[in-house]
Amino acid sequence: IFENVYFKYHNQNKYILKDLNFSIKKGETIGFIGKTGCGKSTTIDILMSLLNPSKGSVYVDGKLMNEKVNIKDILCWRENIAHVPQNIFLMDGSLEENIAFGIPKNQIDHSLVRNVAKKAELNKYIESLPLKYDTRVGERGAKLSGGQRQRIAIARALYKNSSILILDEATSALDIETEKAIIKSINSLNKNLTIIIIAHRLSTLINCNRIFELDEGSLINVFTSQELINKNKNDF
């Protein structure tokens with residue numbers, strides 16, 4: 001729950017977010033839309049408890065998310081979130097190591113790696129390589145295309161098996177058909193999975209329960225996916 005949330009950086013007078021009020025239920029798929037600079041990413045950073053509101057409060061299951069008073073619950077909350085950012089960090093290791101990022105090599109669940117690669121529409125590409133999942137990606141993924149890097153990021157998030165999945169422009173480098181296949185796979189996952197999607201491409205949001213539109217830091221509209229389709233028929 002966001003309750004009267006405002007945010008500004010310490011060295012600025014202007015609020016980036018202004019009086020945000022909304023709630024998200026477990027198992028919902030929620031979209032965020034709005035022009036560049038409207039506050040989408042800042043809203044998500046506050047939702048993930050990476051930033052504290054300047055004014056107002058954020059609650060998760062009734063608990064106040066403020067690191068000054070509740071750091072234990074905040075750390076637990078962050079553990080429940082898998083975040084796919086616009087720019088992913090890749091190490092110069094194998095495809096498998098990058099999907100199971102942070103897991104010691106001898107503890108990687110090989111079956112799960114292959115399962116999430118399939119859901120991220122990555123398995124056919126990997127299986128076509130001579131070394132398959134042992135293929136090295138190069139420094140910062142230099143040997144991969146932008147779309148392949150994004151699919152690794154999605155597979156990595158799915159490997160984490162979190163209860164909240166946040167996709168921040170996570171499919172922007174993909175073609176429409178690949179994006180649709182990935183979104184379909186994600187939506188077929190655990191019905192208790194909460195999915196939050198930031199997107200410019202409206203087709204990404206077609207399966208959302210609700211879409212929040214931000215403008216200059218304020219929540220100006222809430223749509224169902226069907227209402228969004230009816231309003232923007234040329235984009236679907």
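Student: What volume does the largest pocket have?
Tutor: In this predicted model, local features need pLDDT of at least 70 and side-chain atom pairs pLDDT 80 or more, whereas totals for chains, interfaces and linings use all residues. Residues are numbered from 1 along each chain as its sequence is written, and side-chain values use heavy atoms, leaving out hydrogens and water. A pocket is an open set of 1 Å grid points where a 1.4 Å probe fits, with protein on both sides within 12 Å along at least five of seven lines. For the largest pocket, the volume filled by probe spheres on points joined across faces, edges and corners is about 630 Å³.

Student: Which residues are closest to the centre of the largest pocket?
Tutor: Its lining (residues with an atom within 4 Å of a point) comprises 23 residues. Among the elements that each supply at least two of them are β4 (55–60) and α2 (71–79). Closest to the centre are Tyr59, Val60, Asp61, Trp77 and Ile164.

Student: Is strand β7 largely enclosed or open?
Tutor: Ile164, Ile166 and Asp168 point one way from β7, while Leu165 and Leu167 point the other way. On both sides these residues are buried (under 20% relative accessible area). Because 5 of the 5 residues of β7 (164–168) are buried, the rest of the structure leaves this strand largely enclosed.

Student: Which residue of β7 is the bridge partner of Ile81?
Tutor: Strands β6 and β7 run parallel and are joined by 4 bridges. Ile81 is also among the residues nearest the centre of the second largest pocket. In β7, its bridge partner is Ile164.

Conventions: Helices (H or I, at least four residues) and strands (E, at least two) are DSSP runs, numbered from the N terminus. Buried means under 20% relative accessible area, exposed over 50%, partly exposed in between (1.4 Å probe, protein chains only). Two strands pair if DSSP finds at least two bridges between them.
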